[in-house]
Amino acid sequence: MEELALAFSEARATVLVGTGLSISCSEHAPTASWIGFIEESIHWANDNIPGVTDAWTSTVKQNLKAAKDEGDTSLLLGAAGLVSSKIGSQGTQAKANWLAALIGSLDPKSPEWAIAIDGLKCPILTTNYDTLIEKSTGRLSADWSEPIELQRVISRQSTAVGHLHGVWTREESVVLSEGDYQRALSSAPLQALQQAASSVRSLVYIGVGEGLGDPNFSRLLAWHRQTFSPSAVTHFRLCRESELAHLRKVHSADNITPISYGADFTDLPKFLAKFHPQTGSPALVQNRVELARDLLAERVRSLTILCENVQDIDERTIDQLVAPPVLQPLSSEQERAAQTSQLTDKRQVERSDPYGVATQSGVTIIAGHDGSGRTTALYWLLEEASKSSGAMPLLVGAKDLHKGGRPLVNALKDKSREAGFPIKRNDPFPKLIIGIDDLSPYNTTICQQTIKDIKSLDGSSVFITCQEGYEAELARQLLDYGIKTEMQYIGELWRSDIRQLLDLVSPTRSKTIEDNVVSILQQHHLPRTPFTVSLLISVLLGGKIVPANSSHTTLLDLYLDQLIGRGDFEEDSRWGMDSDLRSAVLADLATFFVEKESGLILEAEAATRVASFFSARGIPESAVSLLHELRDRKVLQYEQGHISFSHSSYLYVFAAKAAARDGGLRDHMLGNPLLYAPILKHYPSLERADRQFLLSLESFFKDLDATVQSNRSLHVRVSKVDAPENLDENFLDFPEHAATPEANDSQGKDEDVDDLDMFPRRDPQIALLALPDDLPAFHKYSIGLDLVSTALRDSVLIADPVLKARVLSAVLVGWGKLGSVFVEDPELVIAVERTLTQVADTIEVPAEKREALVRMLAGITPVLLIAAGISSSLSTTRLVAALNDALKDENLVANPDAAIATALFLLDVQAPGWVRDLENVTEQHRDLKIMAESIRMLALAAYLTKHGRVDDAHRLGRLISDLESRRISFKRDAERQFYRGQFEQKIAAIRTDPRFRELE
């Protein structure tokens, strides 16, 4: 016993696990034992494999019976070989399906054994094909067909479970026949195991049987006796007390010492716990925190785009890989409105201190559109919060939350095991920093169960990211359970932020690349998000040229070309893999994801799909090798026996490429545009002349629009107030701080200047091939509008101006209608007002201005939502001609919804002559509340902003003063004209004052 304890304490032990664990962990599932597996396989083959005859079935059953009667393992292995050969004759997919059905379906109903073994903190090897240990502990899998990975397990460089006889997720690795066994026996990993074990390592056999109970172990034992001399290091076999005497005789001639762990199988976990590293010491607790932080850093290294350009990546921590996130207490649109209203000081709403956000306690919601960098921000916040508090950081994704009672608690236990410190069933959690990524309040059951778990974990700091637009409802649900939240939004990058990103990866070329990035962002109307900017930096650092009229899809495609090796002159397609073949395989793989409506597939399924692709084309390449290469290139990622694209956007682009070549796939996705919207949005950038595609989306939107009812709540007229005698004092109040030298103290500081002024450029997308269960009509309508608008914007080469004008008219009316749909959803409105009130308290707005600020922001929210949507999906100078054609229709000009959306389009694009067009399109609708208040405010922001493209400032000032005067009831028209003149002089003076700090 002392020798065993010493082997564990000195890190000289390697555990080798047999079928006993599978039987115990699965609570005696039939396929957990060898005989049960073969018996069930016979039934499975009869049900699923064509050409299975009674004679074949009889032969296998006779072999199996003879094996049982005579205790002959060779007959048992012969039966297994017959089954494997019959099923394998139908191809790799049939074999993968068989293993998935009988082995992959095993679940760890009693994971105590696996958790106890995991707690030993030593390498784990197994002769089992199942992944019960992985499911119980969060470890990854490695097998003998991956020599490097398995050697890393043996040498303690990896915590994966090493499968010596293969794992079910890779059907080609599974060893069943004698031929398979000889192939595995001669492999490099087993040779490495031999060298390691024969020198300083002790093998500790756990859960191994004899004869028919565990034929894999019987074969391994024979190999062990041939390999290790009696004078080598002592090895151990754990057994029950009743087996001890017998096993001493069995191993009398070798160097394996049997040790009893107790009278019953259930005694094993308690026995192993004696050898677990001591818990509770400050050093160990700190070590666990560092392990958790290292795990987060490893994920950042594998997923963050800019890490491609870092030389010493393995030595860097998260704060050396990721710049602090841009956070702000209001969304970018709300921030602009708040500043224009003069109800807040610029410093109050502009940006939050990310270090301060990281160190605050309680629950913080981080809202941002997809591509805004909210997941990367979450990694940074967890790292910083852990550093400052010493608490353990654990990150849980929405895909880790499952129905069934306690989704967050169960996910945290899984993640703690993955990080190497399992939390037992009834143990309390230590102090944690919890990150929950992409939580949707519209997956109601999961969300509310998660919120209950958050409440039960009182004392832990929690950071939750969500899609922007969902944050108000999420905050409402949390408050219903008594949980108050802090709200932060992902902000847009400034030039100084771009420089900070560049300093992380290429400080010597920082200035040159920075200027190019800023120029391209301004030229191509691209979103100012970390994802887009990182793509752009990587493309430019890779020496690529960004073409004219680039879209987000074009940029992403350029980056993916870089990842898969396009332009590598050392590759020769005559002798091996090249970038075109990799791209074709990835497009086919993306098609498979679409067919399964999933963002995650089994490794075996992926390998089978790629193998079929190669086979159909006569390409002599290894599917498994290519998948591993694509993982190394960071296009794909592996996770517990599954494969996914490293970024959802990669899947979307490759699926769109596949659709461009396969009309059937395109039509399949057009059958459910809301579900496949993230993919369909990329399609027009790749296939710019598909008129039928645009016609299909036009028809889809017509049907969607008919299902969304609206009372046109945004069409109300403005409520006028009587003009008092002292007009100058009451209605021309622009606070002096806007034009005082004190407000300009930091004007010369480059980091405070944003020379990328524009509406927010975003790429809003829905979750990965899934729609939340309870998504409101507002969000569904928004997704549809975003899709059709993007398709119209990017279908540049369609030579049908009538179609373009017609679709543009439809979406403009739709965007205007969207504001009314929002206003008419009481739950959304109440949630937004409650959130804004909370934000006003957080940023400490003076009491006398607080109510006015909340009222103003709540009132302008519908317009901000419309403006952001139009900016990200529709705005382009390439649609100006279509707009001019559309506005020839008097009915469209008379439609208030169309007028609202067209005004926002013009304010955003600012093409030559836009001020005159804005004047014309608003002419019939200036008495609407939304025009006199919200559009006026945005027009004023454009007028005052230094970087705006105002081609007729006098005309725009006149329009703004007209809209302003619509809110006031004058006794005489002369008073109205006098007021307008004074107003125009006031705003013109501010605009031309050199001390005025522009409203960014």
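**Exercise 1.** How much space lies in the largest cavity?

*Solution.* Keep in mind from the start that this is a predicted model. Rolling a probe the size of a water molecule over the atoms shows where empty space is left. As a first step, count what such a search finds here, which comes to ten cavities of 30 Å³ or more. Then turn to the largest cavity, in which about 120 Å³ of space lies.

**Exercise 2.** Which residues and elements line the largest cavity, and how do the lining residues divide by class?

*Solution.* Begin with the residues: the lining of the largest cavity consists of 14 residues, and T19, T31, A32, W34 and Y129 are the ones that lie nearest its centre. Next, look for the elements that give two or more residues to this lining, and you will find α2 (19-25) and α3 (34-48). Finally, sort the lining by class, which yields six nonpolar, seven polar and one charged residues.

**Exercise 3.** In what order do the three strands β14, β15 and β16 form an open sheet, and which helix packs on the sheet?

*Solution.* Start with the order, which is β14-β16-β15, with antiparallel pairing. The edge strands, each of which pairs on one side only, are β14 (601-602) and β15 (636-639). Now follow one pairing in detail: β14 and β16 (residues 642-645) run antiparallel and are joined by two bridges, and L602 stands opposite H642 in β16. As a last step, add the helix: α30 (residues 623-632) packs on the sheet, where it touches β15 and β16, and its direction makes about 105° with that of β15.

Note on methods
Residues numbered from 1 in each chain as written. Predicted model: local features only at pLDDT ≥ 70, side-chain atom pairs only at ≥ 80, totals over all residues. Heavy atoms only, no water. Pairing = 2+ DSSP bridges. Helix = DSSP H or I, 4+ residues; strand = E, 2+ residues; numbered from the N terminus. Contact = heavy atoms within 4.5 Å. Axes fitted to C-alpha atoms, helices over the stretch in contact; angles between N-to-C directions. 1 Å grid on protein atoms, 1.4 Å probe; cavity = no way out; pocket = protein on both sides within 12 Å on 5 of 7 lines; lining within 4 Å. Points joined across faces, edges and corners; volume = space filled by probe spheres on them. Nonpolar A, V, L, I, M, F, W, Y, C, P; charged D, E, K, R; others polar.
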